[in-house]
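Please walk through this protein with me, from its middle strands out to its charged pairs. Keep the sequence and the model side by side as you read.

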Amino acid sequence: MGYQNMKVSVIVPVYKVEKFLRKCFDSITSQTLTNIEIICVNDGSPDNCEKILEEYKNKDSRIKVIKQQNSGVSVARNTGLEVAQGEYVSFVDSDDWIDKDFLEKLYLAAKKYDADIAACGIKRVRNYKWRYHLKFDKEECIKDNDAKFKLCDVPEKCYVGNKIYKLSELKKYNIQFEPKVLFEDRLFTCESLIKLNSLVTVPDVYYNY
């Protein structure tokens with residue numbers, strides 16, 4: 001499947017998450033948007049993650065597994081970015097999961113407005129209870145940087161997982177994750193919101209963590 005017709009590359013860094021990995025993968029492989037690639041970067045995980053990755057890879061040809069020495073989540077995501085071929089890219093942490101129509105709704109909204117970023121709400125789940133951590137009430141496209149930061153509640157909520165990004169624009173501005181720093185999501189989110197042109201908000205769909 002070539003770059004031209006691949007809609008979204010989903011990058012999943014994997015390290016010591018054997019308890020959560022199947023739920024994460026089930027949520028990605030069952031997406032209503034099927035024209036995707038799933039890039040799993042095994043960051044030297046010492047548990048059963050490698051075995052689970054192989055199990056899912058054997059069941060789904062869209063899954064690619066890259067193995068590297070333990071280098072941290074930033075390097076793992078950057079490894080995924082290097083090989084991604086989708087029009088847009090998404091980052092899902094391996095102990096989180098996404099709604100079934102997450103990729104489809106964000107992709108269609110991004111295409112509708114020719115937006116570089118599409119963002120949805122976030123649900124925070126603990127002990128089978130959840131609450132909204134970020135919620136959008138309507139679909140709107142914003143180009144003003146101050147408005148983008150306010151809507152996404154940045155820097156308070158600098159999540160990369162609740163968004164998809166136009167891959168060509170990330171590469172154009174060489175936006176990557178800074179290795180070996182705390183709050184690497186904050187740097188990436190702020191830089192992408194400033195440098196990428198427009199953001200569309202997408203209601204009624206959630207990233208769950």
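What follows covers strands, cores, a buried helix, unusual backbone spots and salt bridges. The model is predicted.

Start with strand S4. Which of its residues are buried? Tyr88 and Ser90 are buried on one side of S4, and Val89 and Phe91 are buried on the other. Both faces of this strand are therefore covered, taking buried as under 20% relative accessible area.

Now look at the neighbours of S4. S1 runs parallel to S4, and four bridges join the two. Within that pairing, valine 10 has serine 90 of S4 as its bridge partner. Strand S9, residues 163-166, pairs with S4 in the antiparallel sense, over three bridges. Here serine 90 stands opposite isoleucine 164 of S9. Serine 90 is thus a good place to centre the view: valine 10 is its bridge partner, and isoleucine 164 is opposite.

Next comes the nonpolar packing. The largest nonpolar core has 35 residues, and Ile28 and Leu103 touch the most other members. Several elements each supply at least two residues to this core. Among them are S1, helix H1 (21-29), S2 and helix H2 (49-59). Helix H4 (102-113), strand S6 (117-126) and strand S10 (199-208) do so too. H4 gives the most, with six residues.

What does leucine 103 touch beyond its sequence neighbours? Setting aside residues up to four places away in sequence, leucine 103 touches Val8, Val10, Gln31, Leu33, Ile36, Ser90, Ile98 and Ile164. Val10, Ser90 and Ile164 from the strand pairings appear again in that list. There is also a second, separate core of 29 residues, which includes Val41, Ala84, Phe177 and Leu196.

Turn to helix H3, residues 73-83. Its buried residues are Ser74, Ala76, Arg77, Asn78, Thr79, Gly80 and Leu81. What covers them? The cover includes four strands: S1 (8-14), S2 (36-43), S3 (63-68) and S4 (88-91). It also includes helix H6 (167-172) and helix H7 (184-195). Keep Arg77 in mind, for this buried residue of H3 returns with the charged pairs.

Now the backbone. Most residues other than glycine have a negative phi, and most peptide bonds are trans. Three spots in this model go against those habits. Lysine 16 has a positive phi of about 50° and is not a glycine. Lysine 16 sits in the loop between S1 and H1. Its relative accessibility is 52%, so lysine 16 counts as exposed.

The loop between H5 and S9 holds aspartate 153. Phi of aspartate 153 is near 55°, again positive in a residue other than glycine. Aspartate 153 counts as partly exposed because its relative accessibility is 27%. Proline 155 is also in the loop between helix H5 (145-151) and S9. The peptide bond that joins valine 154 and proline 155 is cis, with omega about 10°.

Last, the charges. Side chains of opposite charge can pair when their charged atoms come close. How many salt bridges does the structure hold? It holds 16. Three of these pairs show how the settings vary.

Take lysine 67 and glutamate 50. Their side chains meet in a salt bridge at 3.2 Å, N to O. Lysine 67 lies in strand S3 and glutamate 50 in helix H2, so this pair ties together parts 17 residues apart in sequence. Lysine 67 counts as exposed, at 58% relative accessibility. Glutamate 50 is partly exposed, at 36%.

Arginine 77 and glutamate 184 form a salt bridge at 3.6 Å, N to O. Arginine 77 is in helix H3 and glutamate 184 in helix H7, 107 residues apart. Are they buried or exposed? Both are buried. These two also belong to a network of salt bridges that links Arg77, Asp93, Glu184 and Asp185.

The third pair stays within one helix. Glutamate 169 and lysine 172 meet in a salt bridge at 3.9 Å, N to O. Both lie in helix H6, three residues apart, about one turn of the helix. An α-helix has 3.6 residues a turn, so residues three or four places apart point the same way. Glutamate 169 counts as buried, at 16% relative accessibility. Lysine 172 counts as exposed, at 56%.

Terms used. Residues are numbered from 1 along each chain as its sequence is written. This is a predicted model: local features need pLDDT of at least 70, side-chain atom pairs count only at pLDDT 80 or more; totals for chains, interfaces and linings use all residues. Side-chain values use heavy atoms; hydrogens and water are left out. Buried means under 20% relative accessible area, exposed over 50%, partly exposed in between (1.4 Å probe, protein chains only). Contact means heavy atoms within 4.5 Å. Two strands pair if DSSP finds at least two bridges between them. A nonpolar core is a set of buried Ala, Val, Leu, Ile, Met, Phe, Trp, Tyr and Cys residues joined through side-chain atoms within 4.5 Å. A salt bridge is a side-chain nitrogen of Lys or Arg within 4 Å of a carboxyl oxygen of Asp or Glu.
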